[in-house]
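Hi,

Here is the structure I promised to pass on. My notes follow below it.

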Amino acid sequence: MNNSANVKMRIERFLALSILTLGYSAAVPANASGQEWTSVPLNVQNFDTSNAAAARFENIGDRQVLCLDGEAFVRNVNLINGSIAVDIANDDRRRFANLIFRAASTETYETAYLRMHKSGQPDSVQYTPHLNGETNWQLFREAQATADFGDEPWITLQLDFADDLMNLSLGQGPSEPVMTTTLTLPAQAGAIGLRTLFEGCFSNFRYSTTTPLINSENVPDEEIAETGTIREWSLSAAFPLEEWNALSANPRGEEAWGIAEAEPNGRLLISRYRKKTSSGNFERNQIDGVYAGVAVHSDRAQDATFSIDASDMATIWLNGRALFAFDNSFRAKGLLDRGDFDASKQTLNLQLEEGRNELIVLVAERANGWGLAAALSPAAPVQITPFAVSE
């Protein structure tokens, strides 16, 4: 039996009959929270599936269903603040069922999702921004939570978003959020839709334009950037790598440096600024590299503690000398190792020379989050500037 037939059989076997509101522009009565929902029938007229590897619209029982592998965007709907919800066929096959919102393009959007095979585990629900064609979940370790998906044939995923905050909740009607998190992209109008990794089926898609009330006190305490965190980096263009050579001689030529700013927590989201030459295929991507650098100006020779984490792989040079390399990529340390950012922060000693010191990090990435964070703690004050400013 092929996978499509198997999915359909699972749904039909456990299907609980439901009432699906038809009519794209018809409003569903307001619920207790004051939201008025608009149902979007699942058909080719309402959903653009041109980015999907596979998509089938069909009826299963009394439900309109979209079985999807990839992305599907609702046509002609853009939201800044509001809510979206969908019913997801509930079984424990390995797959990831996403809702998309504030999509600036098919490559850059906000998303949160259920890991259907992880019910009851600490990472069963997650949030990540999708930047320039790549997910970044390894860089958002704090934006995940535990949820039990139960044994009903359909589970409802609802996202409420307003300004820079998002609630994720499960189940019909008002409920306490499973997770509240801070969002990454600007609060601008964007498309909404669905996404899966490995085929899954959706039903009863709806949205609300009512701005939800989100309690900021539910947001987990954000990681505080270390004293001495580097806030501005010079960043080279991205380039493909056949392989990462760890402690290789400094291969840098004359780079055309641009400026990139770290997030408030000190992380540099490289995919905000650079697009990988190979993206969208997870661990099947080829490796891409980028150089990040700063000039460290010291009025004396001195030692400094340098703390760093990067995703996936990094090589560090000081004044043209290779000092250290590490690999924090997915499953690099074993089958259960996720490669979460900050899981094994590295610390080393830098011997700064009097005057200008050139600190360069090659950050090599295959998938799941391209990022860097570093802090410098010298014995005596130094000035840290991007190359483009200092040269």
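Two strands count as paired if DSSP finds at least two bridges between them. Keep in mind that this is a predicted model.

**The open sheet**

With that rule, 4 strands make up an open sheet. Their order is β19-β26-β21-β24, and the pairing is antiparallel. Which strands sit at the edges? They are β19 (268-269) and β24 (346-352), each of which pairs on one side only. Strand β21 covers residues 302-311, and strand β26 covers residues 371-378. These two pair in the antiparallel sense over 8 bridges. To find the register, start at F306: its bridge partner in β26 is L376. In general, the strands of a sheet pair through backbone hydrogen bonds, either parallel or antiparallel.

**The hairpin**

Next, look at β4 and β5. Strand β4 spans residues 54-60. It runs antiparallel to β5, and 7 bridges join the two. E58 has V65 of β5 as its bridge partner. The two strands form a hairpin with 2 residues between them. In the turn, G61 has a positive phi of about 60 degrees.

**The disulfide**

How many disulfides does a search of the whole structure find? The count is 1. C67 and C201 form it, with their sulfur atoms 2.0 Å apart. The pair links distant parts of the chain, 134 residues apart. C67 lies in strand β5 (residues 63-79), and C201 lies in strand β15 (residues 190-208). The link of C67 and C201 is right-handed, with 100 degrees about the S-S bond.

Are these cysteines buried or exposed? The cut-off for buried is under 20% relative accessible area. C67 is at 0%, so it counts as buried. C201 is at 1%, so it is buried too.

**The loop before β15**

T184 is in the loop between β14 (179-182) and β15. Its relative accessible area is 12%, so T184 is buried. What joins the side chains of T184 and Y127? A polar contact of 2.8 Å does. Leaving aside neighbours within four places in sequence, T184 is in contact with E110, Y127, P129, F140, E263, L269 and R272. Of these contacts, L269 also falls in the range of edge strand β19 (268-269).

**Where to look**

For a quick check in your viewer, go to the C67 and C201 pair, the G61 turn, the F306 and L376 bridge and the T184 and Y127 contact.

Best wishes

Key:
Residues numbered from 1 in each chain as written. Predicted model: local features only at pLDDT ≥ 70, side-chain atom pairs only at ≥ 80, totals over all residues. Heavy atoms only, no water. Disulfide = S-S within 2.5 Å. Buried < 20%, exposed > 50% of the residue type's maximum accessible area, 1.4 Å probe, protein only. Polar contact = N/O pair within 3.5 Å; in protein donor to acceptor, adjacent residues only side chain to side chain. Contact = heavy atoms within 4.5 Å.
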